[in-house]
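Colleague: I'd like a close look at the empty spaces inside this protein. Please take me through what surrounds each of them.

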Amino acid sequence: MTASKADLRWLAAAAALAERGRPVSAPNPSVGAIIVKEGRVIGRGWTQAGGRPHAEAVALAQAGSDAAGATLYVTLEPCAHDSARGPACSALVAAAGLARVVIGAGDPDPRTAGGGIARLEAAGIETVLADCPRCADSLAGYLTRAALGRPHVTLKLALSIDGCIALADGTSQWITGPAARAHTHRERARADAILVGGGTLRADTPSLDVRLEGLEDRSPTRWVLTRGETPDGWQALRDPADLSPLAPAQYLFVEGGAGATAAFLAADHVDRLLVYRAPIVIGGGMASVGDIGLADLAQAHGRWQRIATAALGSDMLEVYERTRSRNPA
C-alpha cells in the first residue's frame, strides 16, 4: 500500500506536533502522532520531556476505546523494544484495535528497524510506510546521528548586504533587527547544543541562552571551538572534524564567528544554513567566512539549495539545505 495525499497531509500535521517536543524529548527523538476516525481527530500526542511517554502512548490515552477501527498517523515507526520506562509502542498500538497505521519514516534503531512494522502487520493492522519528507525533516537530528554519528548542524550568519558580520573593529551589535534576533532565539530553543568560536567568546562573552517568554528552559548546552580552557558552564570542542564529544546531542546550532563558520564548512559538517541579511552596507568590515579550502570555483556550485525565504521586519532570512539525501539513514 502507498500513502495517499490525505495521508501525507495528516503526517505533516503529526510532524508539526513533534516540533513541540524538540529538543526536550532527548535522549529520544521528538515524534508526533495523530489518531483519526471518520475524518475527526480523536487523539494526538508528541514525545514528552525526557523521552517518555512516547507520542503514540499519549495519543492512544486520549483516544481511549474510540481508537478501535481508527487510523494512526505517526512520524516514526513505533518502537519494538520494551523498556523499564514503558512498554513498546508497537505492542500498545497492536492492542488498541486500530485498523490502519501510516508511518512517516522507518526507525534506524536496530532494536526496532522494521520490527515495529512487523508486529503491527502480525496483528492484522494495515500498515503503510510513507517515506514522508516532512517527517524525515522533523527527525533530522535523530536520523543524522543514527547515520553519521553526529548531530544535525545548523549554521547561522547575520550579514550586511555586502556580506560583513561586523565593523572592522569587530563591533557587531546589532547587524539585524529585533524580529531577526527573536527568530534566532527560536532556533536556539530548537537545538540541544550551541557553539561559537573562541574569538567570539573572548570578544563578545555571549550568553547564548533563549530569551523568549515561555521558552527560557530550552536554552541549549554551550560549546566553544577551542583548544584552550573554557569558562564555567562551557564545554570545548577541539576539532570540528570530530563531533563525537557532542553526543548525545541531536541538534547543534553554530552561531559563529568567521573562523568557526569556516571550520565547520571546511569539514562539510553543516546541514542547514540560516542567512539573516540586513539592509545595510558596512564596507571594509569583517568577512563572514574565512578560507574553507576551495581550490576551484566549480567546487562551490551544486552544494546548497535554497529551500525557504522570509521577511523578518526589515531583514530577510534565506534558508539553505546541503544537497545530501534528505534522509541520511
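**The second largest cavity and its surroundings**

Modeller: Let's begin with strand S11, which gives the most to the lining of the second largest cavity, three residues (helices, H or I with at least four residues, and strands, E with at least two, are DSSP runs numbered from the N terminus). This is a predicted model, in which local features need pLDDT of at least 70 and side-chain atom pairs count only at pLDDT 80 or more, while totals for chains, interfaces and linings use all residues. Residues are numbered from 1 along each chain as its sequence is written, and side-chain values use heavy atoms, leaving out hydrogens and water.

S11 spans 251–256, and together with strand S6 (152–159) it is one of the elements that each supply at least two residues to this cavity's lining. The full list of lining residues is Arg 22, His 152, Thr 154, Glu 187, Arg 190, Ala 191, Tyr 251, Leu 252, Phe 253 and Arg 272. A cavity is a set of points on a 1 Å grid over the protein atoms alone where a 1.4 Å probe fits but cannot get out; a pocket is an open set with protein on both sides within 12 Å along at least five of seven lines, and lining residues have an atom within 4 Å of a point. The volume here is about 50 Å³, being the space filled by probe spheres set on grid points joined across faces, edges and corners. By class, the lining has four nonpolar, two polar and four charged residues (Ala, Val, Leu, Ile, Met, Phe, Trp, Tyr, Cys and Pro are nonpolar, Asp, Glu, Lys and Arg charged, and the others, Gly among them, polar).

Three cavities of 30 Å³ or more are found in the structure. The largest has a volume of about 80 Å³. It is lined by 13 residues, and those closest to its centre are Ser 25, Pro 29, Ser 30, Gln 250 and Tyr 251. You have met Tyr 251 already, in the lining of the second largest cavity. Six nonpolar, five polar and two charged residues make up the lining of the largest cavity.

Now for the open spaces. The largest pocket has a volume of about 850 Å³. Its lining counts 37 residues, with Lys 156, Ser 172, Thr 200, Asp 204 and Glu 255 nearest the centre. Both S6 and S11 come back here: they give two or more residues to this lining, as do strand S7 (164–166), helix H7 (178–189), strand S8 (193–197), helix H8 (198–204) and helix H9 (258–266). The lining divides into 14 nonpolar, 17 polar and six charged residues.

The second largest pocket has a volume of about 650 Å³. Asp 137, Ala 140, His 152, Arg 272 and Glu 321 lie nearest its centre, out of 30 lining residues. His 152 and Arg 272 should look familiar, since they also line the second largest cavity. S6 and H7 each supply at least two residues to this pocket too, alongside helix H5 (133–138), helix H6 (140–148), strand S12 (272–277) and strand S15 (315–322). In this lining you will find ten nonpolar, six polar and 14 charged residues.

To follow one thread on screen, select S6: it supplies at least two residues to the second largest cavity, two or more to the largest pocket and at least two to the second largest pocket.
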